[in-house]
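Please open the model in your viewer, with residue labels and a cartoon of the backbone switched on. The tour goes from one selection to the next.

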Amino acid sequence: MPHQQDGTAHGLLLVEDTPSLQMLYATVLRKAGYKPMLAASGAEALTKFAEHRPRVVLLDLMLPDADGLMVMREILELQPETRIIVITANGSVNNAIEATREGAHDFLVKPLGDIRMIGAVASAFAELREDVSLTIDEASRSDALDRAFMGRSVAMQEVHSRIAAVAASTAPVFILGESGTGKEMCARAVHLKSARAAQRFVTLNCSATDPERLEIELFGQSPPKSGRGQAQSQVRAGAVAQADGGTLFVQNIQDMSPDLQAAFLRFLQRSSFTPVGDTRQIKVDVRLICTASRDPTEDMRAGRLREDLYYRLFVIPITMPPLRARGTDIHLLAQHYLAQIAAEENKQFCRFSPDVLDLFLNLPWQGNVRELINVLRHAVILHEGEIVTREMLPPGLSDARKLATNAGHSPTNAVFEGLTMAQIEERVITAAIARHDGSVPRAARELDIAPSTIYRKREQWDKS
Amino acid sequence: MGGSELRGALLAQVQLDLNRCHDALTATLHAPEQDRDLLALCKTAHEVKGLAATIGAFTLAETAMRAELACTSQDVAALAYLLPELTTQTAQAGTALAALAKED
């Protein structure tokens with residue numbers, strides 16, 4: 001059963017204009033324990049949204065009376081933290097890509113698979129619960145920290161000490177670490193341990209934002225003045241303004257354009273900024289935390305990150321250790337996430353068989369904690385029982401172990417043995433996306449293919 | 001609502017939706033070429049595409065996708081043969097579903 005809060009009539013809005021598809025999706029959602037509100041047009045969706053303020057919206061992009069993207073923008077204006085999952089049909093994936101650039105949480109391609117749809121909705125609610133727990137009170141704050149930094153390994157103890165040391169300062173912090181190691185949770189921990197804990201923690205991911213809109217997302221925008229006698233519309237607040245008094249967390253800063261890097265440096269030097277389309281300087285008090293999935297020193301040397309900006313930002317580094325370097329911490333994490341996922345999916349799972357625990361210690365975990373969560377979700381959704389056994393784990397895990405144990409003996413061949421070319425392609429692309437914190441454009445750059453190629457292939461995998 | 005009742009209700013609703021799309025396609029097919037509303041046709045083709053893919057009618061989904069593309073690119077020559085094909089296939093899908101509902 002989903003979390004209690006998600007099951008209320010106000011938690012989820014489903015917007016689909018074709019009655020049979022609406023009926024089908026609603027049935028699947030109800031069977032999974034959700035109680036979706038239903039809307040069949042853009043106007044109805046906006047009315048119900050304004051009235052009930054659902055936190056997750058499943059939104060068909062092609063509506064009879066409105067463009068789904070416009071509806072999405074209006075919803076995000078009204079309530080920016082809403083998680084929107086857009087639904088599109090085969091052949092219209094470019095619209096979905098545009099939607100994710102503009103802030104959609106995820107996208108689904110028709111025909112929708114039950115597991116994929118429920119997984120997307122559960123993930124949206126899970127993310128919201130994490131956000132909420134980080135803003136309520138002291139008890140919740142310490143819960144969040146415990147969750148983020150569960151573990152007794154030496155590597156994690158070092159992280160704890162570093163966070164305690166930097167929290168009291170206002171100096172910029174740069175968090176390093178592989179994809180999936182918990183860099184964002186580390187940033188939240190620094191914020192929550194600081195004197196700014198009661199203020200906002202605002203996140204901006206430079207690689208997930210359309211480069212042309214990034215300046216607006218960062219500094220906000222003042223719309224052009226309307227005709228004489230009309231009041232000027234409200235300024236759209238950017239991340240910097242929203243974080244005033246609190247913490248601004250900037251992910252993948254090296255993906256800012258050179259011009260924007262220059263503007264960002266000016267903001268750091270003066271503690272003030274100018275919204276796009278405005279001339280006023282606005283003063284703010286913001287603590288900055290940055291991350292990069294690549295080595296920022298390399299980016300600086302290669303000219304992708306301005307040298308003066310690098311030295312402004314790279315004041316206090318914290319390195320999150322990879323999961324494979326955390327020893328038996330993985331057992332604590334696995335137990336914690338198993339309980340959480342089982343509760344979300346209304347399953348009985350509560351422990352692991354000994355060979356699974358042994359296997360977990362020996363896997364390379366290239367996707368780190370995120371990969372562990374995916375493995376557990378796979379086992380819980382597709383199986384029943386109390387004990388997670390080896391047979392319930394995704395088949396690819398054994399290959400990953402081969403890779404770990406055959407290191408130096410043609411690991412590439414070992415891990416791909418017995419797979420088709422299409423399966424190898426899917427693994428290589430998925431791993432590249434994970435290495436880049438979910439950024440398709442940067443994964444595409446690494447693989448030297450167009451981002452649209454990845455989106456189309458994802459669309460095919462979703463269908464198969 | 002029980003499992004079989006639900007299945008029956010879903011089948012009936014899909015039939016209704018396909019019939020509505022078929023009526024819209026037929027009206028467009030019989031309208032003079034210069035009076036055809038390509039935007040409305042595009043939306044109908046898009047709806048048929050999603051519906052067909054969901055019920056596993058992949059040939060129909062493919063035809064609908066081609067018709068939708070022809071509408072967006074205003075390819076009147078392609079629409080000349082795609083529209084009748086789409087109209088016929090939509091009717092056939094509706095008939096097949098009606099037969100399935102009777103078996104239930």
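Begin in chain B of this predicted model by selecting B:L38, B:L41, B:A45, B:V48 and B:I55 in α2(B), and then B:L79, B:L83, B:L86, B:T90 and B:L97 in α4(B), which are the residues that meet where the two helices touch. Taken by class, this contact has nine nonpolar residues and one polar residue, with no charged residues.

Now show both helices whole, α2 as residues 38-55 of chain B and α4 as residues 76-103 of chain B, whose axes come within 12 Å and cross at roughly 40 degrees. At that angle α2(B) and α4(B) are therefore oblique to each other, and the crossing in which α2(B) passes α4(B) is left-handed.

Move next to chain A and select its five strands, which form an open sheet with parallel pairing, in the order β2-β1-β3-β4-β5. The edges of this sheet are taken by β2 (37-39) and β5 (106-110) of chain A, and because each has a single partner strand, one side of each is left without a neighbour in the sheet. From one strand to the next, the twist averages 20 degrees.

For a closer view of the pairing, select β1 (residues 12-15) of chain A, which runs parallel to β2(A) and is joined to β2(A) by three bridges; within this pair, A:L14 has A:L38 as its bridge partner in β2(A).

Finally, add helix α1 (residues 19-31) of chain A, which packs on the sheet and touches β1, β2, β3 (56-60), β4 (83-89) and β5 of chain A. The direction of α1(A) makes about 155 degrees with that of β1(A).

Notes: Residues are numbered from 1 along each chain as its sequence is written. Chains are lettered from A and ligands numbered from 1 in the order in which they are written. This is a predicted model: local features need pLDDT of at least 70, side-chain atom pairs count only at pLDDT 80 or more; totals for chains, interfaces and linings use all residues. Side-chain values use heavy atoms; hydrogens and water are left out. Two strands pair if DSSP finds at least two bridges between them. Helices (H or I, at least four residues) and strands (E, at least two) are DSSP runs, numbered from the N terminus. Axes are lines fitted to C-alpha atoms, for helices over the stretch in contact, and angles run from 0 to 180 degrees between N-to-C directions. Contact means heavy atoms within 4.5 Å. Angles under 35 degrees count as roughly parallel, over 145 as roughly antiparallel, 65 to 115 as roughly perpendicular and the rest as oblique. A crossing is left-handed if the near helix is turned anticlockwise from the far one by less than a right angle, and right-handed if clockwise. Ala, Val, Leu, Ile, Met, Phe, Trp, Tyr, Cys and Pro count as nonpolar, Asp, Glu, Lys and Arg as charged, and the others, Gly among them, as polar.
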